[in-house]
Amino acid sequence: LKLDTLNLNRELTEDQCLLLARRMKTRTESDRLTFEVYATDDTLKCAEKIMEKLESVFVSCDEMTFTIKRCRLGSMGEVMESSKSADVLKRILEIEKELSPATELTACIVVLPGKECFESGDPKAAIRCGMALTNRLTQFVTPWDETVEEKVIESKITSAVEDLCRQLGYVRELDESAIEKKELLHHTPVIGMQVMTQICTPYGKARFLPLYVEMDYVSGKVYAECDAFEQTRVLYREAAFELAHLSLDKNFEKKCENAARGTWKQKMIMWKNLYRDKNLLVLIEANGNTRAICNGITDSQIQKYRYLAPYCPEQIETGTKENSYLQDLNHSGVRLLRIRRNGEIPDYYTEISSTDGYSATSGVFRYGQDYWAIAGRPDDKSYTSSYKKTTYDLPHQKFAERDMIEIYPIQLQKDDNPDEWVIYTNSLRTGAIQYDEATALPIPMHMAAKLQEYLLEV
């Protein structure tokens, strides 16, 4: 993917600020965005620094208006009596009384110490849920003092701003030259599935909650879909509010149970009908949670399939172990690829070089019918050190390896080039505004997993 290289760590030009404002309008479907920075009296200097950053990045124009203001955190940020449900719900109620519902799109940065500073009860989960109930997105920043280096402060603030952009549904923009070429796979919308599991809220415990994130690089829009939501399909930013409300729903268990029952079968039927003449790429991670809902992605099931062509089974299993349901997805636009990153996948791969012994390698490698994808190495000593040394040699030194994932096409269409679809899937690991390097999972799956922070778990 050829995407923009907007870097919020650097000072943006006037043109870049204008581009960012226009993109934010497109992605949020709003022409107004308010940023609120919450701080206590002893962290006002931190708040002022954050506001300076926001003002330098989000500059109003004819098409988009940004409002940036400082707010008093007050008792909302005080330590709770305990982390028990009753005290968390009490704090949420206090926040709802303190804050009027936001009538326009609002994103907040809250300056608050880390968990270790709240012995009896950290209020962050209650603040996030309470603010979501008043239509506010939330990102936390730990305060700092004058002993911290300027570049560390800048990095901390930028990371918070970037993650808030992700919460608003912002992804990097596709290059115009790619948009003009209609035949490229970039025009294919992508859906990533996430299965949240063993969720314990004040009103019950759910074994599974399936959630889908749909991303289209051409339009720049990101949507979330969940059958437990009041409104099933919403903009990505609105999913945070849906999850907060769902957490406090007295029918939480029943709603999650209904959302998980037959979800994969129903989604596949819907996608096949909707995408008969246009492409759709569906990505699912294979793990214990997803296999319980989507039995057809297991190796044992895949080995039973009969194939019309490579990666084109006559039918695939879209039911569960208990309730089988075979579907023929051929002659449609649906492609299904499985991602794995568990213990069955090698932890790392270091290429042997004839000159210096070892070297970095990245890209997509075919291994039988499977593909292994290795992200590019970050410019970090902890990665290069691991070529020749380990913690066995240097127990106090930090070592790191890049993530390797397996990509397997479960369902392609006749005349597809499997390499192209796998390479496109791997390229979807880039595009997150808050990371320069690739994420472990493709962006729709990464963004789906991130939404779990808005479920109030106790």
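In the hairpin formed by strands E17 and E18, where 2 residues lie between the strands, Gly368 adopts a positive phi near 65 degrees. The model is a predicted one, in which local features require pLDDT of at least 70 and side-chain atom pairs count only at pLDDT 80 or more, while totals for chains, interfaces and linings use all residues. Residues are numbered from 1 along each chain as its sequence is written, and side-chain values use heavy atoms, with hydrogens and water left out. Helices (H or I, at least four residues) and strands (E, at least two) are DSSP runs, numbered from the N terminus.

Staying with this hairpin, E17 (residues 363–367) and E18 (residues 370–374) are paired in the antiparallel sense over 5 bridges; two strands are taken to pair if DSSP finds at least two bridges between them. Across the pair, Arg366 faces Tyr371 in E18, and Tyr367 stands opposite Asp370 in E18.

The hairpin strands belong to a wider arrangement. An open sheet of 9 strands runs in the order E8-E7-E6-E5-E9-E14-E19-E18-E17, and its pairing is mixed. Strand E8 (233–235) and E17 occupy the edges with a single partner strand each, so one side of each has no neighbour in the sheet. On average, neighbouring strands of this sheet are turned by 30 degrees against each other, direction ignored. Here and below, axes are lines fitted to C-alpha atoms, for helices over the stretch in contact, and angles run from 0 to 180 degrees between N-to-C directions.

Two helices can be followed against this sheet. Helix H9 lies across strand E5 (190–201), strand E6 (204–216), strand E7 (221–225), strand E9 (280–285) and strand E14 (334–340), and runs at about 20 degrees to E6. Helix H13 (residues 418–427) also packs on the sheet, touching E5, E9, E14, E17, E18 and strand E19 (404–411), with a direction at about 60 degrees to that of E14. Contact means heavy atoms within 4.5 Å. H13 is mostly covered, with 7 of its 10 residues buried; buried means under 20% relative accessible area, exposed over 50%, and partly exposed in between (1.4 Å probe, protein chains only). The buried residues of H13 are Pro418, Trp421, Val422, Tyr424, Thr425, Asn426 and Ser427, and their cover includes E5, E9, E14, E17, E18 and E19.

Lys265 offers a closer look at H9, since this residue is placed in that helix (residues 263–274). With a relative accessible area of 26%, Lys265 is partly exposed. Lys265 and Gly319 are separated by 54 residues in sequence, yet their C-alpha atoms are 5.7 Å apart in space. Neighbours within four places in sequence aside, Lys265 is in contact with Thr318, Tyr325 and Gln327.

A second sheet is also present. Its 4 strands form an open sheet in the order E2-E1-E3-E4, with parallel pairing. Strand E2 (65–72) and strand E4 (136–141) are the edge strands, each pairing on one side only, and the twist from one strand to the next averages 20 degrees. Strand E3 (residues 106–111) is joined to E4 by 6 bridges, and the two run parallel. Cys108 has Thr138 in E4 as its bridge partner. Helix H4 lies across strand E1 (32–39), E3 and E4, running at about 155 degrees to E4.

H4 also packs against a helix. Helix H3 (residues 85–98) and H4 (residues 124–133) meet at an angle of about 40 degrees, with their axes 8 Å apart. That makes H3 oblique to H4, given that angles under 35 degrees count as roughly parallel, over 145 as roughly antiparallel, 65 to 115 as roughly perpendicular and the rest as oblique. H3 passes H4 in a right-handed crossing; a crossing is left-handed if the near helix is turned anticlockwise from the far one by less than a right angle, and right-handed if clockwise. From H3, Val88, Arg91, Ile92, Ile95 and Glu96 meet Ala126, Ile127, Cys129, Gly130, Met131 and Leu133 of H4.

Helix H2 (residues 44–57) and helix H5 (residues 150–167) form another packed pair, at about 60 degrees and with their axes 10 Å apart. The crossing of H2 and H5 is right-handed. In this contact, Lys49, Ile50, Lys53 and Leu54 of H2 meet Glu150, Ile153, Glu154, Ile157, Thr158 and Val161 of H5.
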